[in-house]
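Dear colleague,

Please find below the structure I promised to hand over, with its sequence. A short account of what was found in it follows.

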Amino acid sequence: MCGVGGVAVSRQNGFSLVELMVALVLGLIVSAAAIQLFTTNQKTFVLQQTASQLQQDSQQIMRFLVRDLRKTGLVWDSVTPTQDMGVLFDDWSAEITASDEGADNDVLTVAYNGTTDCAGNDAGGWVEVASTYYVDDGSLYCKGSIDTDVVVELVPGVESFQVLYGIDTVADGELAASRYVDADSVPADTPVVSVKVGLLLKRENNVLPVSDGNRKFHVLGEAYDEPEDRAMRKAISMTVRLRNFDWNAI
């Protein structure tokens, strides 16, 4: 095309308004899809991370409890006996109280001959040791008799801690739990041969969806209604067979 004076003029064609609007809409669709994908991946990551934390909490609890329960009742020849060893249903001291069925959470206290207690306190030699496990302000703690000023938080987010005791009521020389009862129902001079422990663990995260509150958890016969909150819960239980007790009572 020629302009004035024979000068060539190029004609430039731009986008029309319709084309711009179509491009804008397509861009918004792609952006929305990307945001949705990112949000979904983030929620999946949070769910996996929270589930992993609950699994780690479960393993932490089992590691401590199984270790102490397997030592429960152990007697060493070099230790002069002053108290009974085993699952304790009487207070060891003012700081180490007996196993007990609490209103919401139980208390588990065990005694054995050893060099350390559940809190990691070292006695420097073989002594009589007691370790107690209890829930305070939503966390599971352990406290040992070697240094009762040292209290260790094992895991947070414990909503229920229940304990049942397998008792052998038939003196037939066969090691077997006749039934499982709570701490207040263990008869005197009846050997405890195994212990069941159940917990309800919780991990909160604001990214999690709000639960509908319709789920019900059961922990060793105790029911717990899930509230409407942003938390993931896991009920765990285990049974540990004790290794050390008075065989004359079996």
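The protein contains 1 helix and 11 strands. Please note that this is a predicted model. In sequence order, the elements follow the pattern α-β-β-β-β-β-β-β-β-β-β-β, so the helix comes before the strands.

With regard to the protein as a whole, 36% of its 250 residues are buried. Of the contacts between residues at least 6 apart in sequence, 58% join residues at least 24 apart. The accessible surface amounts to about 14600 Å², and carbon and sulfur atoms account for 51% of that area.

I should also like to draw your attention to one sheet. It is an open sheet of 4 strands, in the order S7-S6-S8-S11, and its pairing is antiparallel. Strand S7 (179-181) and strand S11 (231-241) are at the edges; each has a single partner strand, and therefore one side of each is left without a neighbour in the sheet. From one strand to the next, the twist averages 20°.

As general background, the strands of a sheet pair through backbone hydrogen bonds, in either a parallel or an antiparallel manner.

Within this sheet, strand S8 (residues 192-204) and S11 run antiparallel and are joined by 11 bridges. Which residue of S11 is the bridge partner of Lys196? The partner is Thr239, should you wish to locate this pair in the structure shown above.

Yours sincerely

Technical notes. Residues numbered from 1 in each chain as written. Predicted model: local features only at pLDDT ≥ 70, side-chain atom pairs only at ≥ 80, totals over all residues. Heavy atoms only, no water. Helix = DSSP H or I, 4+ residues; strand = E, 2+ residues; numbered from the N terminus. Buried < 20%, exposed > 50% of the residue type's maximum accessible area, 1.4 Å probe, protein only. Contact = heavy atoms within 4.5 Å. Areas by Shrake-Rupley, 256 points an atom, 1.4 Å probe, with all protein chains shown as cover. Pairing = 2+ DSSP bridges. Axes fitted to C-alpha atoms, helices over the stretch in contact; angles between N-to-C directions.
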